[in-house]
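I opened this notebook to record what I looked up about aromatic rings, charges and cysteines. The entries follow the order in which I checked them.

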Amino acid sequence: MGKNIKNGFDEVEIIQRRDGAVDAKFVGPLNARGRRALADARLLALALTLPAGQNAGTAGRGGDDTDETELLAYLLDELSDARRNELEHSIRGNARAIGRLMKLRTALNPVADKRGLHRPELAARNILRRTGQALEVREVGKKLEFRERHPQLRPGPKTGAMLNDLLDRASTPIFGGDLGQEARGMLARWEVLTRTAKQPQAYDGVDSELQQLGRRLADVLLELEEASNQLARTIRRTIFDTVDAVPPRDLPIRTAGASKAGASVFPAKLPGLSEPTEDGLPVWSDTKEVQAGAWSLLLEGSGVPSPILSVTIRRLDQNEMPDLTLVQPNRGFETANVSSAGTASVRLPVGDSMLLAQGEKEVWQIPLILLWGK
Amino acid sequence: MPDPFDNPEEYRLLLTSVLKGDWSAERTLVDHLGPIIRHVVHQHAPPRLWEDLTQDVWTHLWARNCRVLQRWTGEGPFLGFVWVVARNKVWDKLAALPPPAAPIEDAPDIADPDDPELNVEMMQLAECIRRAKARLSPTHQEIIHLRHDLDLSHQEIAEKLSRTTGYVGPTLARAEDKLRERVWETCRDHLGTFGITFGRDE
């Protein structure tokens, strides 16, 4: 007989798995839909054990002490075979336990509910997210070295269209003006160079010219952002002065330019923000101080046996100590334990990552990139 | 988008996006956690406190860039972790409430921990299943009886029916599918929250 495939999984296999008629080791793991179907098949099997008549409602009164987390693990197929069998036998025919399981199953269905969004929205709005100085990190011998990362345009299929759209807006008489026109000229050149660089007969130095242009363009974009922020603040102030009952609002993400960083709070012998060298690139240094709002983070690290980033936190005022987390986009995150002295260590992965300094009122994001093989 | 029945890794990736301030990831996470949080609050607190406690739990989970959620180690289901955090928060809040000032003779009776509403729902469900079972073919009724009432294994059922185990699995699957359909057809309007187990094709 052929398989009964109805909802993208084999229903016969689900029943056989549920009843222990096949060994899961030989048929492989289930996907999410299969696990959901297995949970429903188990619930149906339990519902079929309910006694008929008046007894159905009261069966198991007061005799069900199973912890809800265990019931949840049962539904998500996280229990061992032995524990699952034991649990199933203890709740067979127990209306109260089966009812609890069914209610819990309902809670496992995500529901778009705007009521639930109120608090997270408020919490997210109350926390300011700011981006600090981006850093490049490299491994030299046993140490890590740091340097400031210059903003660079990220190449992509939609980059040109997005920037053109942005510059259309920025070139309106309200703000931008010459800045927008200048950026537009640079963008046109950047697009030509991008195409040229892909061709086999591209001339020497096109990559370097492309990079320089990308950096200049990124600078102009930051200037435009600052101009638009100023405009937004002016409009906001005017609204506050002229309109009643305006709801509080803030920009979700702000960029703090490196040049605006405050003075170092660490001993003077440690290098502060490095000055660009003749080739326009910042120098490498084995310690780096980054300003992050109410905190100053001193970064250093070792490269042996694997790259470890050490952070020493200083508070610039009587602020709380932040929580530190290193986020690796699309991979995961690692939280760091901050000691009472304000020190913490965290493994630094190769490639892009982001160090988060998180407080009650603001979160600072420090973009990092650990270069490989340089 | 992760599924509650998916691997824990999917929730870890979602949480990673939330930590970076991705608002759409935040919405997805709220959609997933909302039913669990409501379930916990409704289970442990009196109705007059539901709204406040739900908001307290959200605030707790979201504080300091979801610091509490960052403590999830990946061992065990993420929703189970959230369940425990929410329950502990609700308990803490309830413990911190001032004792009622009303004299004890005026206080209402303690609520029945066996939840009379749930008892009625279970009674109704058992009746729906009994009726649906009666409408199945004799073969399907028999195999369901052997498996679920007598708790026999597939091997034992095969011996009893003088068939192979290869017959039992597919026949039982078809019988349960028919049963599910019958229950859904005739009782969907009063299945309430239990409908999710019977109406998965909807």
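The entries below concern a predicted model.

Entry 1, aromatic pairs. I looked up the ring pairs and found a count of three over all chains. In one of them, the ring centres of B:W58 and B:W62 are 5.6 Å apart and the planes stand at 75°; the pair is therefore edge-to-face, since planes over 60 degrees apart are classed that way. I then located both residues in helix α3 of chain B, which spans residues 50-70. They are four residues apart there, about one turn of the helix.

Entry 2, accessibility of this pair. Are B:W58 and B:W62 buried or exposed? I noted a relative accessibility of 1% for B:W58 and of 4% for B:W62. Because buried means under 20%, B:W58 counts as buried, and B:W62 does as well.

Entry 3, an aromatic cluster. I recorded that B:Y11, B:W72 and B:F78 form one cluster.

Entry 4, charges over rings. In chain A, the charged end of A:R42 sits over the ring of A:Y74, at 5.7 Å from the ring centre. I also noted a case that involves two chains: the charged end of B:R12 sits over the ring of A:F333, 4.3 Å from its centre.

Entry 5, cysteines. How many disulfides are there over all chains? I found zero. For B:C128, the nearest cysteine sulfur is that of B:C187, 3.2 Å away. A disulfide requires sulfur atoms within 2.5 Å, so B:C128 is in no disulfide. I noted that B:C128 is buried, with a relative accessible area of 7%. B:C66 is also buried, at 2%.

Technical notes:
Residues numbered from 1 in each chain as written. Chains lettered and ligands numbered in written order. Predicted model: local features only at pLDDT ≥ 70, side-chain atom pairs only at ≥ 80, totals over all residues. Heavy atoms only, no water. Phe/Tyr/Trp six-rings, centres within 6.5 Å; stacked < 30°, edge-to-face > 60°. Helix = DSSP H or I, 4+ residues; strand = E, 2+ residues; numbered from the N terminus. Buried < 20%, exposed > 50% of the residue type's maximum accessible area, 1.4 Å probe, protein only. Lys NZ or Arg CZ within 6 Å of the ring centre and 35° of its normal.
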